[in-house]
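Visitor: Could you take me through one part of this model up close? I'd like to start from an annotated domain and see what sits around it.

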Amino acid sequence: MQILTARGALPEHRYPQDEITQAFSEVIAQGRLDERVLRRFHANAGVEHRHLAMPLERYGTLDGFTEANDTFIAEAVRLGARAVEDALKDAGLTPSDVDLVISATVTGLAVPSLDARIAAVTGMRPDVRRMPLVGLGCVAGAAGVARLHDYLLGHPDHVAVLVAVELCSLTVQRDDTSVPNLVASGLFGDGASAVVAAGSQRTTPDASPVRVLDSRSRLYPGTERTMGFDVTGGGLRIVLDAEVPALVERHLRGDVDGFLADHGLTRDDIGFWVCHPGGPKVIEALQAALEVPREALQLTWDSLARVGNLSSASVLHVLEDTLRDRPPVPGSLGVLMAMGPGFCSELVLLRAEDAR
């Protein structure tokens, strides 16, 4: 499978972290929260700016889950359609060229799913195949790339698009002063990303910057309550266990080594890493597990600081940054990876092609 391009889209409402902290301290628990606690969590998130689906002043006026979810659908379709259109244009293709569209989200509920709505807005063909990925959370960007690959193995002359849209700010619970909600309110941002891919037999206007060689999924038994959402009368309530970095450091090295060994490779053969920015402690755990210096994951750190953790869309933003800012040496190998609810991980083996 050829990855032709990855393009992100961010809401126009951009704020420095301190401004978001102040606004949310007035929203969460109607100001009854100790602001020093919130500021400490937000300051430790490694985030400098975030983009939000709505202006800051709107969050205190949201009237329950119904209004939040209606806002999610409207903004997610708009943002996702923009990402898809930009990515297709960058690849020299049009919406009518798309044979499969995969949508990924965990921050809102939509029936029909986002892929159907985005297909209609962008003008995809009536016979376009659709695959909604719901509930995978942060891992869905990497898993979505893997599922594109699975599909295109069987349809080598097709074009497929993955669009990930997450509006995490709409899930913050105003009555929840728990540590997970406070951490989430400082870590997660809003955004979308689209990846355009083509099968090996598809002729494309430009050379592909990277190919997918293989992927592997890993589910860790007994960790279902490590990360995710509880669906409540008030909306989506975050589940986020402090054990996540330890799970990453405990399992990931063996998983990566086993995956690479099946291809006759080791970590020394990997020239670039495209990793999901789960948060400072998670990135540090990744560095420890992979035994790489901070520089190897610098684009992941930079993405976290610039836009926060965008859940499923984040690793795709890092992929875009990699292809644009640090184009891999042709022939070099890379690994794209993310972790998410399950608790689980997804690994994707990449090979850089000749530059366009």
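Guide: UniProt lists residues 66-197 as "domain: Chalcone/stilbene synthase N-terminal", in an unreviewed entry; such positions are given in the numbering used here, feature names are shortened, and annotations may be inferred rather than shown by experiment. A caution up front: this is a predicted model, where local features need pLDDT of at least 70 and side-chain atom pairs count only at pLDDT 80 or more, while totals for chains, interfaces and linings use all residues. Residues are numbered from 1 along each chain as its sequence is written, and side-chain values use heavy atoms, with hydrogens and water left out.

The span's end C-alpha atoms lie 35 Å apart, and it is 44% helix and 22% strand (DSSP runs, helices being H or I of at least four residues and strands E of at least two, numbered from the N terminus).

Now the packing. The largest nonpolar core (buried Ala, Val, Leu, Ile, Met, Phe, Trp, Tyr and Cys joined through side-chain atoms within 4.5 Å; buried means under 20% relative accessible area with a 1.4 Å probe, protein chains only) has 48 residues, and Val84, Leu114 and Val196 have the most contacts inside it. Elements giving it two or more residues include helix H4 (114-122) and strand E7 (190-198), but helix H3 gives the most, with 11.

Arg50, in strand E3 (residues 49-52), is worth a look too. Arg50 is buried yet has no salt bridge (a Lys or Arg side-chain nitrogen within 4 Å of an Asp or Glu carboxyl oxygen). Asp190, the nearest side chain of opposite charge, is 7.4 Å away. Instead, polar atoms of the Arg50 side chain lie 2.9 Å from the backbone oxygen of Ser185 and 2.8 Å from that of Phe188.

How values were computed. Buried means under 20% relative accessible area, exposed over 50%, partly exposed in between (1.4 Å probe, protein chains only). Lys and Arg count as positive and Asp and Glu as negative; His and the chain ends are not counted. A polar contact is a pair of N or O atoms within 3.5 Å; within protein, one must be able to donate a hydrogen and the other to accept it, and residues adjacent in sequence count only if both atoms are side-chain atoms.
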